[in-house]
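Visitor: Can you walk me through this one? Keep it quick.

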Amino acid sequence: MAMGSSDVEGDKYRSYLSGEGEKNTTWRFGAPPSYDVVNKLFEDGRTKIWPPGSLGEEVQNLVKTWEMEVFHKANLDDFKTLDPNNHTFSLNGRKGITLEEIGKLGGGYNPLLQTSLPENLRGYNPDKETSESSHKAFTTTFPRGFALEILHVYSGPPEIVYKFRHWGYMEGPFKGHAPTGELVEVYGMSIFTVDEHNKIVKIEFFYDPGQLLGGLLKGEKLGTSSEGTTSSCHVLRTG
């Protein structure tokens with residue numbers, strides 16, 4: 001399958017989500033995620049439509065597929081977008097960390113929200129969050145998901161450099177703050193380095209986490225029992 005091509009049987013923007021190749025995949029939350037709701041958010045809110053077969057479309061699908069695997073596949077051996085034995089991730093120029101180290105951080109959003117702020121100033125503290133608590137926090141506040149679009153691709157493989165936009169609507173509480181219903185969006189840059197098999201071996205993200213957290217912490221403070229009262233069991237849908 002070409003870089004970033006979609007899984008027609010399962011999802012038009014993501015590969016490796018369904019089909020024969022995933023019959024033995026271990027899913028972190030018990031089953032493959034459905035992206036129908038966030039795909040609608042993406043299609044309604046995107047500002048860029050890439051031509052079919054373009055580099056931009058391929059990169060966008062690759063990033064969406066990578067996000068799906070990182071958030072939802074429990075076993076590293078099931079990852080197909082990257083080489084689990086030769087892969088590093090870094091945020092804002094920090095030293096690269098391995099997948100094993102990402103796991104120790106709790107996975108999910110935690111690697112993307114690393115911070116040097118003192119603990120008493122952290123609206124979200126990745127050092128205190130687990131994969132499950134992080135998952136609950138963001139699926140509660142973004143019940144329709146957190147959509148992703150690629151705005152510009154500056155270079156193709158092996159070093160893919162692109163500008164991205166992530167967005168969602170804060171329609172649920174977050175860390176004791178009431179939902180605002182407002183658009184929360186984040187802009188940034190990223191570099192994906194791929195090997196000769198189009199497997200991602202290095203990821204570098206550059207963005208301001210305050211763009212995300214600032215939008216989620218502006219709602220009025222709630223009582224400690226108010227958060228997470230939505231009854232349905234959400235599955236985090238990024239991209």
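Guide: We will take the overall make-up, one helix and the pocket. This is a predicted model, where local features need pLDDT of at least 70, side-chain atom pairs count only at pLDDT 80 or more, and totals for chains, interfaces and linings use all residues. Residues are numbered from 1 along each chain as its sequence is written, and side-chain values use heavy atoms, leaving out hydrogens and water.

Visitor: What does the secondary structure come to?

Guide: Five helices and five strands. These are DSSP runs numbered from the N terminus: H or I of at least four residues for helices, E of at least two for strands. From the N terminus on, the order is α-α-β-α-α-β-β-β-β-α.

Visitor: How much of the protein is buried?

Guide: Buried residues make up 49% of the 239. Buried means under 20% relative accessible area, with a 1.4 Å probe and protein chains only.

Visitor: Why is helix 4 largely enclosed?

Guide: Eight of the eleven residues in helix 4 (residues 131-141) are buried, so the rest of the structure largely encloses it. Among them are H135 and F138.

Visitor: What covers those buried residues?

Guide: The cover includes strand 3 (159-169) and helix 5 (209-216).

Visitor: New topic. Which element gives the most to the lining of the largest pocket?

Guide: Helix 2, with five residues.

Visitor: And how do the lining residues divide?

Guide: Into 22 nonpolar, eight polar and two charged. Nonpolar covers Ala, Val, Leu, Ile, Met, Phe, Trp, Tyr, Cys and Pro; charged covers Asp, Glu, Lys and Arg; the others, Gly among them, are polar. A pocket is an open set of points on a 1 Å grid over the protein atoms alone, where a 1.4 Å probe fits, with protein on both sides within 12 Å along at least five of seven lines; lining residues have an atom within 4 Å of a point.

Terms used
Buried < 20%, exposed > 50% of the residue type's maximum accessible area, 1.4 Å probe, protein only. Contact = heavy atoms within 4.5 Å.
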